[in-house]
Amino acid sequence: MAPDVGHDSSSSTTAVFQQQEQGQQQKQQQKGLLADFSPLADYAVEHQYGIFRADQDGCAYAVKVYDNGNTISIVVDAGSHGTHVAGIVAAHFPDNPEANGIAPGAQIISCKIGDSRLGSMETGTGLMRAVAAAVATRADIINMSYGEPTTRPDVGRAIEVAAEAVNKHGVIFVASAGNAGPALSTVGAPGGTTGALLGVGAYISPDMAAVGHSLRDSSTVEGQYTWSSRGPTADGDTGVTFSAPGGANAPVPTWSLQKRTWLNGTSMASPCAAGGIALLLSGLKAVAATTATTFTGEGDNSVSGESSNVGVSQRWISPARIRRAVEATCLRLGGDSPDTVLTYGRGLLQVSDHWLGDC
């Protein structure tokens, strides 16, 4: 049964009414009385959500309110991809810590850029609105596990908005490099072709090969997934900034009738990296809270605390410094091959080394 819509003039918030439990006779009659529903506010305000036909499909929905209550968007996911990615970053199961994400309990701002009418393909408008929302809510890190091929790197309005989030607002922007390898110059946009972003390639370890792909002898399997995209870009950039594990067994939506599933791709490597950087930022914020240090050095892409809309309180934690720490401390991969940097970037993310030596 479709939800009803009402307006609460006292709070200028539109409400969608979620159906409550009904008696058996009323269920059969399908009366749909307004009294049988409870109000839902804008998810950004109250973090409320509803479930369509919980006894059958378990599909959750939330609402977004615009125009002072005159326009309402009922939002559902377009697949399991986003839940899986968010789980890699921040899944938090206190009673089952082995199921936790990289940065358990990190706060997630969910921005849907995939249009359900287009088979979940992202749109430029959706991307720009999502970046604006991340900046407005003072996000520290953006993860984008999306991408498309392009022949023109670092070009376009959406790319300008993404770069502005980094360079003007001090948000760290992590994105997947693409799954079009192993040929050279296969990195996708925006992750592999935008200089302001951290483009992440997909690494596989022997343990991942054994557990995720059931290989009987995985001892010789270590390096980049064969399909992980490679640089360089058309303007000469390496394309891949660094690499992170490109597979994970992470949560998926309840309507999938599973709790977790294994997926692989640079879409999984990117949130692994975002989670690792979130841990780094968490530690740096703790240090910042106990010191009066404010970094204002020039040439570091830093953003002043007065003009910035970013969530980090001390501006010595800038995207440029984080990038430098990440690149300087990655574990080198690929030996002495001349095209190593085009495959792995600077190497495999090493969070502990970043914390100990370079920030």
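Here are a few questions and answers on a sheet and some salt bridges in this predicted model.

Residues are numbered from 1 along each chain as its sequence is written, and side-chain values use heavy atoms, with hydrogens and water left out. Since it's a predicted model, local features need pLDDT of at least 70 and side-chain atom pairs count only at pLDDT 80 or more, while totals for chains, interfaces and linings use all residues.

User: Which strands stand at the edges of the open sheet?

Analyst: Strands here are DSSP E runs of at least two residues, numbered from the N terminus, and two of them pair if DSSP finds at least two bridges between them. The sheet has 3 strands in the order β4-β5-β6, with antiparallel pairing. Each edge strand has a single partner, so one side is left without a neighbour in the sheet; these are β4 (50–52) and β6 (71–75).

User: What is the bridge partner of Ile-51 in β5?

Analyst: β4 and β5 (residues 59–66) pair over 3 bridges, in the antiparallel sense. For Ile-51, the partner in β5 is Ala-60.

User: Is Asp-42, the salt-bridge partner of Lys-64, buried or exposed?

Analyst: A salt bridge puts a Lys or Arg side-chain nitrogen within 4 Å of an Asp or Glu carboxyl oxygen, and Lys-64 and Asp-42 have their closest N and O atoms 3.9 Å apart. The pair links distant parts of the chain, with Lys-64 in β5 and Asp-42 in the loop between β3 (37–40) and α2 (43–46). Buried means under 20% relative accessible area, exposed over 50%, partly exposed in between (1.4 Å probe, protein chains only). Lys-64, at 31%, is partly exposed, whereas Asp-42, at 6% relative accessibility, is buried.

Definitions and conventions:
Helices (H or I, at least four residues) and strands (E, at least two) are DSSP runs, numbered from the N terminus.
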